[in-house]
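Let's take a friendly walk through a few local environments in this protein. Please have the viewer open as you read.

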Amino acid sequence: LCGDLKMQVPLLCSLLCLQVIKCKAAVLWEANKPFSIEEVEVAPPKEHEVRIKIVATGICRSDDHVVTGALIMPFPIILGHEAAGVVESVGQGVTSFKPGDKVIPLFIPQCGECKTCLGTKGNLCSKNDLALGGGFMPDGTTRFTCKGKAVHHFLGTSTFTEYTVVHESAVAKIDSAAPLEKVCLIGCGFSTGYGAALQTAKVEPGSTCAVFGLGGVGLSVIIGCKVAGASRIIAVDINSDKFAKAKELGATDCINPKDFQKPIHEVLIEMTGQGVDYSFEVIGRTDTMTAALACCEYNYGVSVIVGVPPASQKITFDPMLLFTGRSWKGSVFGGWKSKDSVPKLVADYMNKKFVLDPLITHTLPFTKINEGFDLLRTGK
């Protein structure tokens, strides 16, 4: 240390902070097994990295896809990607974050350098780990250790732990007054559904919409359709217990495919005349993806795949569904450019442009994460 005392004190404090942290994490050692609450070691952030104390994390179906093997990832792994927390320390070269900042980790980063980030047509930054599934930080290493073994990261976030490390391109600073236990949903579920309606489909005032799947993301699609001014929003789910919440958030009709003898796309076409203007598949099943496409208006309807497709499955469909003019789109994180949009979405929530409270059904202590996943799997 050199220089005057004013320079020495903060430097000394930062050096003391950059130590290995031991904390609790939910480690998944192999597929189709419960999470194991373990003590893990979280290494200090390296250059251009941020270490975050996680305050609240949501449970998402995409996490469960790893548990069931539908989404292939390396083990052992710390899952979780929908969260909010507070910056604990920063690595060398980080200038846009400081300890104490409230932040949301971003499973879709925004590096600001790749073709996608520099362009206006998409949001899937080339630095994402969604397609690669490597389970490492950008430098090819991990910051987690448990029982002497390296533990993989998940989508560059890994939020099922008391502390995590992310690259600075994969975290957004948010309003210091934001309630982290609510806005954590903006880290994935809410933004994904809301943006699918507003950003990807670009739902127009007076339009008709069909939403397949009424989990948290599907309900967020409904919120987006309502904000966009849709005149009719038809909610579709095989669990009728979800209909009351869907109507509370803006659905005008709710239908259960089990109540009909004919295919659900035919039911929707009959209900609307020529089909809906916009449809959204928010489940992740190939049969509902094709049904959502087929229920669209035959000439200009737009169908958006929001649910994560199961690994190694293919879709077979009649190409005439597209030939006549329908459009089929995919949407990751609602089409939002993450670092730019997440702080604005948090600001919109703080300004009461939309609600999040109805999307939160349970609040559990971290050690009951397996109970949380049981609630997810039973549709509760």
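The report below visits four places in this predicted model.

## Asn 123 in its loop

Our tour begins at Asn 123, which sits in the loop between helix 3 (115–118) and strand 7 (144–146). Is Asn 123 buried or exposed? Its relative accessible area is 10%, and the cut-off for buried is under 20%, so Asn 123 counts as buried.

The side chain of Asn 123 has polar partners on the backbone. One of its polar atoms lies 2.9 Å from the backbone oxygen of Val 332. For the backbone oxygen of Trp 336, the distance to a polar atom of the Asn 123 side chain is 2.8 Å. Val 332 and Trp 336 also appear among the residues that Asn 123 touches beyond four places in sequence. That list further holds Ile 108, Pro 109, Thr 116, Phe 333, Gly 335 and Lys 337.

## Aromatic rings

Trp 336 leads us on to the aromatic residues: together with Phe 190, Tyr 194, Tyr 349 and Phe 354, Trp 336 forms one aromatic cluster. The count of aromatic pairs comes to ten. One of them joins Tyr 349 and Phe 354, with 6.2 Å from centre to centre and 35 degrees between the planes.

Why is this pair called tilted? Stacked planes are under 30 degrees apart and edge-to-face planes over 60, so the 35 degrees between Tyr 349 and Phe 354 make the pair tilted. Both partners are buried: Tyr 349 has a relative accessible area of 13%, and Phe 354 has 5%.

## Val 346 in helix 11

Val 346 belongs to helix 11 (residues 338–350). With a relative accessibility of 0%, Val 346 counts as buried.

Which residues surround Val 346, leaving aside neighbours within four places in sequence? The contacts are Ile 104, Ile 174, Asp 175, Ala 178, Val 183 and Ile 186. A C-alpha distance is worth a look here too: Val 346 and Cys 184 are 162 residues apart in sequence, yet 9.5 Å apart in space.

## A nonpolar patch on the surface

The last stop is on the surface, where Ile 315, Phe 317 and Leu 322 make up a nonpolar patch. Together these residues have about 200 Å² of accessible area.

Leu 322 is part of helix 10 (residues 320–323). Its relative accessible area is 31%, and patch members need over 30%, so Leu 322 meets that cut-off. On the exposure scale, Leu 322 is partly exposed.

Key:
Residues numbered from 1 in each chain as written. Predicted model: local features only at pLDDT ≥ 70, side-chain atom pairs only at ≥ 80, totals over all residues. Heavy atoms only, no water. Helix = DSSP H or I, 4+ residues; strand = E, 2+ residues; numbered from the N terminus. Buried < 20%, exposed > 50% of the residue type's maximum accessible area, 1.4 Å probe, protein only. Polar contact = N/O pair within 3.5 Å; in protein donor to acceptor, adjacent residues only side chain to side chain. Contact = heavy atoms within 4.5 Å. Phe/Tyr/Trp six-rings, centres within 6.5 Å; stacked < 30°, edge-to-face > 60°. Patch = residues over 30% accessible without salt bridge, like charges linked within 9 Å, V, L, I, M, F, W, Y side chains within 5 Å. Areas by Shrake-Rupley, 256 points an atom, 1.4 Å probe, with all protein chains shown as cover. Salt bridge = Lys/Arg side-chain N within 4 Å of Asp/Glu carboxyl O.
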